[in-house]
Amino acid sequence: MTVTIGSHRIAPDAPAYVIAEIGLNHNGDVGIAKALIDVAADAGAQAVKFQKRTPEISTPEHMREVRRETPWGEMSYLEYRYRVEFDREQYIEIGDHATLRGLDWFASPWDVPSVAFLEDLNVVAHKVASASVTDHELLRALAATGKPIILSTGMSTLEQIDAAVDILGSDHLVILHATSTYPLPPEEANLRTIATLRARYPGVPVGYSGHERGLQISLAAVALGAVAVERHITLDRTMWGSDHAASLEPTGLEHLVRDIRIIEQALGDGMKRVFPGELAPQAKLRRVTST
């Protein structure tokens, strides 16, 4: 099955769709967000992704009054959530910038009003964060948009994923294997789950969303058939914020995209043949020729 997002096909026979996850790494600053969009475009990614919340709805009750040190002083967790949210005009500015740079852009809505907010901006797709797999009210709102849906599956059982797929349907769905440990240790990557998900949901494209340090695990996911790769990006891993340490800096993203494309070329089509480059060594080295 093929899912189309913007002008890109997401399918086993198409180049891997690389999503640069900006998330909240813009720290509430439009200038940083636009700089990260430029990083994604310059590296050769196909999309950038943000997160959209209505803080008074999406912030868990027990977290709201927890005090947090921030670059803007100490504040409650709820106040912090408001501080890093973009409003409609800011999203129009960063969305236009992404479009001008040739990138698809969309977000993970964390509540039903955020779905309507993003629909008003005419995003090309929606992303379900791993934390939202069991939010069936949110999933129903997303399914009603008719847009392509990318479903991350971290911190979820197969039964919880089954229930989400039942609501979202499989016609316009892309599933991403993920493990929601930040940063991700290799022993928890469990990349063979990519094949498990592909077998469990026939016809649904399966990719990978990674939170590890480095590139090796994401590249292995592509070698195992991941049709999309999502990685967090940052201008500097030492910046303040919870996701920066598990993010790729500009050079890292550039190398990731470069190496994904090399792997795709190297995988070939599986048909054994003698390549033109082998003919000279064959003539020089093979003593016995077959008839």
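Helices here are DSSP runs of H or I with at least four residues, strands are runs of E with at least two, and both are numbered from the N terminus. This is a predicted model, where local features need pLDDT of at least 70, side-chain atom pairs count only at pLDDT 80 or more, and totals for linings use all residues. Residues are numbered from 1 along each chain, and side-chain values use heavy atoms, leaving out hydrogens and water.

**View 1. Here's the largest pocket, with about 590 Å³ of space.** Of its 34 lining residues, Q51, R53, W110, Y182 and D243 sit closest to the centre. A pocket is an open set of points on a 1 Å grid over the protein atoms alone, where a 1.4 Å probe fits, with protein on both sides within 12 Å along at least five of seven lines; lining residues have an atom within 4 Å of a point. Helix α3 hands over the largest share of this lining, 3 residues.

**View 2. Zoom in on R81, which belongs to helix α3.** R81 is buried (under 20% relative accessible area, 1.4 Å probe, protein chains only). R81 still has no salt bridge (a side-chain nitrogen of Lys or Arg within 4 Å of a carboxyl oxygen of Asp or Glu). E85, the nearest side chain of opposite charge, is 5.9 Å away. The R81 side chain does share a polar contact of 2.5 Å with that of Y77; such a contact is a pair of N or O atoms within 3.5 Å, one able to donate a hydrogen and the other to accept it.

**View 3. Now the second largest pocket, with about 280 Å³ of space.** Its lining counts 18 residues, and A11, P12, G225, A226 and V227 lie nearest the centre.

Note on methods:
Points joined across faces, edges and corners; volume = space filled by probe spheres on them. Buried < 20%, exposed > 50% of the residue type's maximum accessible area, 1.4 Å probe, protein only. Lys, Arg positive; Asp, Glu negative; His and termini not counted.
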